[in-house]
Amino acid sequence: MSSETLYGMAAEFDTPEAILEAARVVRRYGYREARTYTPFPVGGLAEIFGFERTWIPAFFLAGGIFGAAGGFFMQWFANVVHLPWDIGGKPMNSWPAFIPITFEMGILFAALTGVTAMIVLNRLPQPFHAMFQLPAFERASRDRFFLCIKSTDPQFSREKTADLLKSLHPLAVLEVPR
Amino acid sequence: MPRLFHRRMNVIARASLLAIPILAATAGGVAWHVQTTSYVTSQDITMEQPVPFSHKHHVGELGIDCRYCHTSVTDSSFAGLPPTKTCMTCHSQIWTNAAMLQPVRDSWRTGVPLQWQRVHNLPEYVYFDHSIHVAKGVGCATCHGQVDEMPLMFQAKSLEMSWCLECHRHPEEYLRPREEVFNLHYQSPPDQLKVGRELAERYHVRSAQALTDCYTCHR
Amino acid sequence: MTATAESPVTISSGQDMTQVIPVLMPGATYASVTDQIGGIVQRPLTWLWIMAFGITFVVVMVLTGAIAYLLLRGVGIWGIDIPVAWGFAITNFVWWIGIGHAGTFISAMLLLMRQNWRTSINRFAEAMTLFAVACAGMFPLMHLGRIKFFYWLAPYPNTMALWPQFRSALVWDVFAVSTYGLVSLIFWYVGLIPDLATMRDRSRNRFTWTIYGMMAMGWRGDSRHWLRYQTAYLLLAGLAAPLVVSVHSIVGMDFSEAQLPGWHSTIFPPYFVAGAIFSGFAMVLTLAIPMRSLFGFKNLITIRHIDNCCKLMLVTELLVAYGYAAEVYTGWYSGSVYESYMTMNRFIGPYAPAYWSLIFCNIVAPQILWSRRVRQNVIIVFILSLVINVGMWLERFMIIITSLQRDFLPSSWGMYYPTFWDWATFIGTLGLFFCMFFLFARLLPAISIAEVRELVHETAGGSVPPSKMEPANVI
Amino acid sequence: MNLSEVRSRLSNQRGQALWRSMEELCDTPEFRKSLEREFPGGVDGWINSGDQSRRRFLQLMGASLMLAGAGTMSGCSDKPRDEKIVPYVDAPEMLVAGKPMFFATAMPMGGFGRGVLVCSQEGRPIKIEGNPDHPASLGGTDSFMQASILGLYDPDRSQAVTRGGEISTWAAFWETVRPRLESKRQTGGEGVRLLLEPTTSPTVLAQLDELQRQFPRLRRHHWDPIGRENTTAGMVAAYGKSFAAQYDLSAARVVVSLDSDFLFDESASLRYSRQFMDGRRVRRDRQEMNRLYVAEGTLTITGSTADHRLAIRPSEIAILARALAAACGVSGVNTEMPAGREKWINAAAADLAANRGACLVMVGESQPAEVHALGHAINHLLGNLGHTVHFTEPVLGQSDSLDVLVDEMRSGKIDTLLIFGTNPAYTSPADIPFAAELLRMSKMRSADGTFANLTAHLGLYDDETAYLCQWHLHQSHYLESWGDIRAFDGTASILQPLIAPLYGGKSASEVLEVLLGRPERSAYEVLRGYWVSQWKNADFERQWSTALKSGVIAGTALPLQDLGSPKVVASASEKSAGEWEVVFRPDYSVWDGCFSNNPWLQELPRPFTKLTWDNAAMISPATAEKLNVVDGDVVRLMLNKRSINAPVLVTPGVPDGVISVSLGYGRLRAGHIGTVHGDQTIGVGFDAYAIRTAGERWFAGGVQVIKTKRTHRLVMTRSHHAMGTFTNKESLKPDAIATEQTPEWARETANRKLVRVATLEQFKANTNIIKELGGESEKKPLLSLYPGPEHGGWDYSKGYQWGMSIDLTSCIGCNACVVACQAENNIPVVGKEEISRQREMHWIRIDDYFGGSLDDPKIYHQPVPCMHCENAPCEYVCPVGATTHSVEGLNQMTYNRCVGTRYCSNNCPYKVRRFNFLAYADAETTEQRKLQRNPDVTVRTNGVMEKCSYCIQRIQRTRIEAEKMLVENSGAQQAEFNLIERLQTACQQACPTRAIEFGSIIPVGGEKTRVAKLKDEPLDYGLLRELSTRPRTTYLARLTNPNPSIEPAKGGAA
């Protein structure tokens, strides 16, 4: 199996502390193209490989503003421009009465855009992923922690990388086919 | 067993997710379109009539005035449907034994009225009054189209509420001088808006607000 | 499996509960909690479950029948009349939507407040929310005189060139409830994704594996995913929290928008929100207490959780009590004959029994929660939670009926007598609610596994040496 | 077996459907045998007739139906894909499709005519209005006139000639009756008897006279359960001869009514109501009103308008009358003052004396001749003759009475009995066994096995009498037939048919004409024949067409008689009334029972009690306590060995010790609507005739009242206990009525100020009093957060601005407006069951409030239609904008947009909105009745809210006329004003007292309208004004004019 046929080289750990330590070492050795897989969020892991910040909040904000503005505009347009009807003698633009819907629309659109953004940025849905080929990876959703150095990393070489990983005392070191 | 999804599943999964909003939008679009098709509005549908009466011939070619048959159009909500007698005024003299007029003669002989297929048909909760529209300068053709070119009568406009509101919201765009109401070939002047406003003024056409009150048409 | 022994209630008073009873019984590991919670879903059906489900299913059939007859004859089959044009339908609507508030409140509010004890109850609380909202949502539709035109309440392009009348609180309702339902669903699903992945990896049956797999969308716990995931989840919570408040405020405005004595009051929005959370927690306990023993979750849902819920109920109960007091005060201080008459009518009018029993259920009975012994006695708490559910239903009944039955003109005063169909519809939705809940308990992890694992980590319970760990048990 | 046996038999059966129970109650073996032998296949054969003629009928109506689109469900039905449109073959003269036409005719009732204008659209009569030119109507109507239009379309009307229950033909009847009469020529009609309802029809009377000439020995009798016997007897007693008295209340400043419900049961009631109330209207420029004293034995609408009402046992009224006569100085009356009445009597006497020639004493038919005579004496003494009282020759035709007839029937002198219209088998006094005798006659056979006698009945319904006759002949409705009739003063009117007889019936004069041997002559010819003979010389055709157009025949009023002084009758000896007295009265909804198959009238909330679909024994609260009964408890009333079961209804205002029952219920063969089902205490009321005897037709003492175990569900449109200021069974009492007496501190907190009342003195002293009664909220203008017109708010100061003003002083609570509204606006009937669930549909209701003490309550009528609030609370809560506001200030209800959330009703402080909880309009309305529907008003479907629209269809029609006129001629301001002022809502047009005014509240064509003037009156106030709903319907407060010597000036109601 040549490095082209490889997705990467993975190491399996059984504690968050271990994988944190391992990740730091790998990074110190100059690897960038590495991913970590944990059964629950482990603080600081992502940052190690230079994933500093996410744009998710911006999407929420944008969606919220759009929803709220659109919501109010719809009501204003309907009652002032398109269908100016006399409702109990209330003014056409009775903006206080338009607030609830404006608010709800804001919430709704914020939630929809935000979550959609999260899914899209995470490249989901992705039923197939190289890691799933490892039988051991089943426990990544239970009690195992995986570190995978991708073959796309400039420094990647089957031997060196494997040695490095072995040196981290993982439960196992596994090759991840492409 | 292989506990692994095929690579292709990635594409399929994403595509199917993407399809949900697209399908929804399409369904909405279709639904909206259907509302406006003649299947719903029965616009432009020519109906089978007991007697193939041709407005094209009688109005366009012979030039009979609308009011000759639709007598009550100027003073009643109902424009009026000619009694068999009206047909017989001429057809007791001409085409006295044309086959297509047999039903008319039968009706006249037996006293059993002709049963026409209704063409312009509003829901019962809509109360339309011909006389006031005629009185305020709404031409026949504005709603009924070029009747003088219809061999068999059909509904020229959608008769949807939004269609009515176009005029009730902007009457000035459609008004014409009262003497032109029954003129099927009236061409609205280039400065229709200006003329329309003057006419609206002269004919005491009420404000758009008033014309769009629910009680104007619904009771 | 880890011990599921009932935690010791014999705690020398004076100690702070939080020190004593942990939110997680000791000895839990990543694997143990995963297997315990995941195992529930995969273990074979019990007769108990089948019977319970069967019963609720029959009740759902009753509901179907009631709705069918409703569509056939019209709302006239109910006891409503003029003046009391709203009856059970709206009462049930408000009641269900209120119950629906606890779930999101627990997940969102407590998440924002970093209350880690929420983790083991938020999942099913959210599920409860969804089902309650589903039940609630049916009523505004059913109570329409012409159900076939329900969509006129929504803005959509139409050939009538018409819009909904946006000044009406009923339209606000449409937006609020649908938004709430949708956002709760999203919130719930997002929370489920990691657990769906777990279920995918646990299942040995191709069918379930495929289903869970597709629903998990290929989640694999990538740290970057986790980061985005957590941000989104937190922000969702930040949205859901005000949403919860807004929704029941708007439901409150359904009434306070009117100028009817007994409805026309500024106290309604906060008063309704408090009442909603109050009833919501009651329902959470009604569900949690049997579940923890049936599913052996006593180590996950500990006395601590129940105790906290009770405290929250006590707080909201006091808010509700304030609401009642304010209503009476308004009746007196307004100096309006209609307001004061309405208040008196509640005290001694034909529906006085309803009023006083709700005072008992919602104000008097919950006072026992001041005692810690009571708060930790699951039996009493369970019974109390049922009492409160009844009380809150009566509150809505009282607000709607007594305000309507005798308003301004004595000539149009009347009474409201529910018919068989009123009851059938109400009980039917109860069946629907529990039916859906039973299904949920069998199909999805009733507790958020990922979060519990995180909890294990935080409580340092998970860092046991690998040698000590038992292999993943294969089911 | 006679009907009382039938009744007792019935009372042992439960829940039988009409036909079955009728069979079964006839199921005595011998009766069944005789039936089968004589009327083969009899009893239910005739039912089948219904369908065929119904089909025929629908064919007949088909064309106009399709033109008018009536009778179709419109609320939600969308464009029909396939609809036929049917023109006429030869259009009738002057008929313009889509335009209503009005025809003048007259409605006969109790033999007298009241002029009506009938609105007809595309050949369907759909609405009845009063004829302003007719002396007995003056443009007003009562509920009976309004509802008679539905009677025309009643599917239960008999639809064929039947013989022994089998369908037969007119020809067959002629062949039977003609030879029989011929055979009697030589004997001069020996043994032939006609039994008619009293009539004033000149033509019919002429025909009868001619028949009499042909058959000198033929006798004719009359029967009317209401009748005027006492009145006539009183006249005879006073003047030795029968005259007809007519009163002129417009000239009366003081009126004393002795048990006279002259606002309801006189043939001229509508005229009296108008005149009386015209004398009570207080305005800025006219601050005087007449005064009414009423002494009555039960609670009547007349009593409810009285300034001083004395509720006493009817038997005491004679004593009271004597005392009053004595006090007025009538000589020859020696009596002592009845205890406790001095104040009332002296005050009344003083008032009468002070208004010589301008006062009036009216005595009700229910009082014996003596009291009538006393009344005449007082009127004569006070010089009222010629001023407020006039006499003419009797208007009614004279004939013998029923008891004479029955005696002859018993003695077998009669072998031919022809009954016209009346229904004595049901209405005859209990001590006159008419039904039994009739049945015996019908069954008797001669030696050769053929029928010995001939009995026939001409009537609208196959009713109790028809059932006991051999022949039933179906009569034509008055809207279907040619004829004529006189009013109370003799003024004759022509009855012209609005439509060909739906079921092919014939009128009395047509039948008489055949008996006269001229079968070929139509009613039209007979009628014209008669009037030709009357108007010799004159230009007949012109006179004829004027008569048809105006609805009255000029100069036919009888000449006034000048009478000398009346005899004063020596006081009859009183027989003790016993502990309980029962009072019989015609029912406010079904009269004597002839309207009992009319669903509108059955569902009409009765005055005071708001009872529907039933009659009840009304008793005072004190009586109720004494008897220990509550509403719905069934009591057994026993009067000389006859008894009925009646549910009691506690009604303040009924004299203590009096049980007041109304006639006309408990029918056995009225039709699907009016027929009692099984047990007579379940279903439509109980039959009070069963204990009513010829001697004591109106009240009887010595009745035993026994409480039974049973209860009967009485259904009222509101809990009337909640309606008063007096302490009552309700644990809480609303305070509805605002008067000077309500203490200042209480005005804001303890007072709903719904009905504002003041006395004339109070008003004169302070014209602002009504506003002040409103308390704080009236003092300052109501604030609003909304921008005014100047800031882009809604502007209600242009064009027409519709509004209504209702005068609470003039309203007599007669219900005419309610039925008129129902007829005009296609309002469905919902039935007893739905009413019991508080789902009545009336758009306008009359709220009756009780004030004062339980024993002597004041009664206030308040009609409540939609208020058309400018700040309408119903509008902003509607999620779909189904109810919105028009630029003319109308609160528009758009049925086809309504989804039925019912929030608008919840938020309506006046609760005037009505909801179609079920499919009332289509499923629960019979096809024929749908043909009455107004094509200009949408028929509401299931699940839709509806309410008063100020008769928008009428507004639109008038506006369109006005606009067309203005387009023709912009300068026609005056004409426009007149047009708009002529616009009337249905309720307004029906009101006999003009209590309701409608129009534009801002000037039209620069001129101030009636309603605008009324809204400027100091009496004007808005209901629940403090809610700032700015109602367009406002009220003129109720003024009373008490005599200071009875009520101190500071006195007042409640």
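Start at the second largest pocket of this predicted model, which holds about 1600 Å³ of space. Select C:E257, C:Q259, C:H264, D:Y876 and D:L1027. Of the 45 lining residues, these are the closest to the pocket's centre. Now colour the lining by class: 20 residues are nonpolar, 16 polar and 9 charged. Then show the elements that give two or more residues to this lining. From chain A comes α4 (95-121), from chain C come α8 (223-256) and α11 (337-348), and from chain D comes α26 (776-779).

Next, the largest nonpolar core. It has 407 residues. Select C:F124, C:W263, C:F297 and D:L637, which touch the most other members. Add helix α6 (residues 169-202) of chain C, the element that gives the most to this core, with 18 residues.

Zoom in on C:F124. Leaving aside residues up to four places away in sequence, C:F124 touches C:V284, C:L287, C:A288, C:M291, C:I301, C:F437, C:F440 and C:A446.

Jump to the second core. This one is separate and has 32 residues, among them D:L310, D:L320, D:W344 and D:L374.

Move to chain B and select helix α9 (residues 161-169). Which of its residues are buried? They are B:W163, B:L165, B:C167 and B:H168. Their cover includes α7 (130-135), α8 (140-144), α11 (208-211) and α12 (214-217) of chain B.

Last stop: C:L319, in helix α10 (residues 303-333) of chain C. C:L319 counts as partly exposed because its relative accessibility is 47%. Draw a C-alpha to C-alpha line to C:Q36: the two are 283 residues apart in sequence and 38 Å apart in space.

Technical notes. Residues numbered from 1 in each chain as written. Chains lettered and ligands numbered in written order. Predicted model: local features only at pLDDT ≥ 70, side-chain atom pairs only at ≥ 80, totals over all residues. Heavy atoms only, no water. Core = buried A, V, L, I, M, F, W, Y, C linked by side-chain atoms within 4.5 Å. Buried < 20%, exposed > 50% of the residue type's maximum accessible area, 1.4 Å probe, protein only. Helix = DSSP H or I, 4+ residues; strand = E, 2+ residues; numbered from the N terminus. Contact = heavy atoms within 4.5 Å. 1 Å grid on protein atoms, 1.4 Å probe; cavity = no way out; pocket = protein on both sides within 12 Å on 5 of 7 lines; lining within 4 Å. Points joined across faces, edges and corners; volume = space filled by probe spheres on them. Nonpolar A, V, L, I, M, F, W, Y, C, P; charged D, E, K, R; others polar.
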